[in-house]
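Trainee: Could you take me closely through one part of this model, the mixed sheet and what packs on it?

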Number of protein chains: 2
Amino acid sequence: MRYVVIMAGGSGTRLWPLSRRGTPKQLLKLIGGTSLLRLAFERATRVVPAERVLVVTGAPYLDAVREDLPEVAPQNLLGEPVGRDSLNAVAWPAAVLARRDPDAVIAQLTADQLIEPVDAFVAALEEAFAVAESDDRALVTLGVVPTSPHTGYGYLHRGEPLAGFPSACTVREFREKPDADTAGAYLASGEYWWNAGMFVWRASTFLDQLAALEPATHAAVSELAAEPDRLEEIFPTLRKTSVDFGIMEPVSRGAATGRVVAVALPIDWRDVGGFASLAEVLTADADGNVVDGLTALTDARDNLVINTVDAHVVAVSGTTGMVVVHTPDATLVTTLAGAESVKSVVAAVADAAGPDFT
Amino acid sequence: MRYVVIMAGGSGTRLWPLSRRGTPKQLLKLIGGTSLLRLAFERATRVVPAERVLVVTGAPYLDAVREDLPEVAPQNLLGEPVGRDSLNAVAWPAAVLARRDPDAVIAQLTADQLIEPVDAFVAALEEAFAVAESDDRALVTLGVVPTSPHTGYGYLHRGEPLAGFPSACTVREFREKPDADTAGAYLASGEYWWNAGMFVWRASTFLDQLAALEPATHAAVSELAAEPDRLEEIFPTLRKTSVDFGIMEPVSRGAATGRVVAVALPIDWRDVGGFASLAEVLTADADGNVVDGLTALTDARDNLVINTVDAHVVAVSGTTGMVVVHTPDATLVTTLAGAESVKSVVAAVADAAGPDFT
């Protein structure tokens, strides 16, 4: 049967003070009161029933995930006691689902981006499931069709089309984030897709590759699936590496029995990694201001103003292109142009006010 | 004996959200944790002992004044049940002190401005007391020696010097706030001083003029001084007018038995009526930022950042010339250039969030 595993791990400060060391971005109710995680869950349930949606997150965020997604059953919430990178956020649910259902086919999805239109996403996912079900060697990777020469993503170089599928094709190789010239050439060639970090495969196929390429991890996640009470003991011993580096790239180079297949994801794929990109995905008013919460703007244009505190008003006047974010214990005032470099701000806050504020 | 009456009335929103409908500017601890009222009290006690300092304020602010000035005895705190403009903030304490001490000589001082150097202020006040004590017709007004062709103040046109005093002179007339050309001519002539709204007189002299020019007010404040329990009944019946319009100008035109004398106040007289002027009087760091409270600034220049909330951090990054003021229930973000027009902001806040926030 088909399953969806949503990865909602990590924690970031690029949306500080909204996102915090204790709050992954995917759990923030950024989009009209809805979290990116909830949007990912709603996309997933277009393809599989809610009881076959799993979430992998950090153990500290389990309560918040439960609150955000009450439909997800307790046994489908996997809380990592420590972060061990994406390979293990993929391998652990694969081992768990293989024990429950030897024929499990898994879509391993991220929740970091806004995805529109959802119909195109759903169609691509259906195609990817069909490829994985028809080919027990296939590790399917979803490739976002580029809309710009983006230098912030990895790319995959497409090969031959697969007969019988609208977009599926082999993958010649994975490419690291390119420089601007290379990204331009990739875009012009039409042969490169963005590596979305979303995958579909049979659990058994993935675990076979894992056994061949990362045998210690294979043994550990198999033990963990059999004896879930040993989570705290086993998980920290897992080797920290990415699924691309540990599995996808070696398999694409013929290092194991599987093969990598790409399916096209013809979507508008928007990262909301910072306030400038958040401002782009939210709806602006007639003056270009994006506003949320109790606010009063006068003579203000093209600002992003977010206030998460009910009994507090944020007044902004005479400014253009500013970011003002007010939360119960921290306020950020910066420019939209500079908002992507919030890291130095967070470091300064930790210095001035202590780590509890970051 | 000599007395000082400090006026700490009014309420303003020009420093919103620091100053509120419920908080007069003079009570804000703006200057290194010290209020303008406290600074005025400390100047006063350079001239008279604390037990001869009175404060006239609005009744709602009495608790805050008591807290700020614990040295002031209860009988020396006069709380106006309603605002009745400056004539009554002058006439009421004059009547009260005349009953206590028929020879009372009163310096009626404001607490709206920063005054430096204090020694020069004290010397001027001593001269003004001496003039009032030597001349039982004199209403002494303190005239700030102009340092610029300011169009925001009223002016007084000096006449003949008084023998035996270093700066005292008669006043030919009071002038309304001038236009820029007129202000320039005033400054160039050397004959005009700013009308500081601070006065020194014998209580009896002042009350005689009041009886002649505003007999109803004279009768009412005399009754009130005799029967303080009738405050709520009597005070609202007082005619609302300014001391300049009701007394000083008519007397300067010969309308009563007194005469107006000016004494020079050779001080740096700084209004802190808005954030731009507040920023000027506070000490900036090496980057030109004026900062108070728990804050973290990065790549920021010439900003004014005030945070009055202890368990909250305000981070400002990448900005120049901004005003950021954070209080428990309201935050203001604006430009220093635009900060003098906070009124429209406050109106917008009242619309968006309700009058409790203003």
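Mentor: Happily! In this predicted model, helix 11 (residues 342-353) of chain A lies across three strands: strand 17 (330-335) of chain A, and strands 13 and 15 of chain B. Helices (H or I, at least four residues) and strands (E, at least two) are DSSP runs, numbered from the N terminus. Helix 11 runs at about 145° to strand 13 of chain B (0 to 180 degrees between N-to-C directions of lines fitted to C-alpha atoms, for helices over the stretch in contact; contact means heavy atoms within 4.5 Å).

Those three strands belong to an open sheet of six, ordered 12(A)-14(A)-16(A)-17(A)-15(B)-13(B), with mixed pairing (at least two DSSP bridges per pair). At the edges, pairing on one side only, are strand 12 (290-292) of chain A and strand 13 (295-298) of chain B. From one strand to the next the twist averages 5°.

Now look at the chain B end of the sheet. Strand 13 of chain B pairs with strand 15 (residues 313-317) of chain B in the parallel sense, over four bridges. To find one of the partnerships, start at B:Ala296: its bridge partner in strand 15 of chain B is B:Ala315.

For bookkeeping, residues count from 1 along each chain as written, with chains lettered from A and ligands numbered from 1 in written order. Local features need pLDDT of at least 70 and side-chain atom pairs 80 or more, totals for chains, interfaces and linings use all residues, and side-chain values use heavy atoms, without hydrogens and water.
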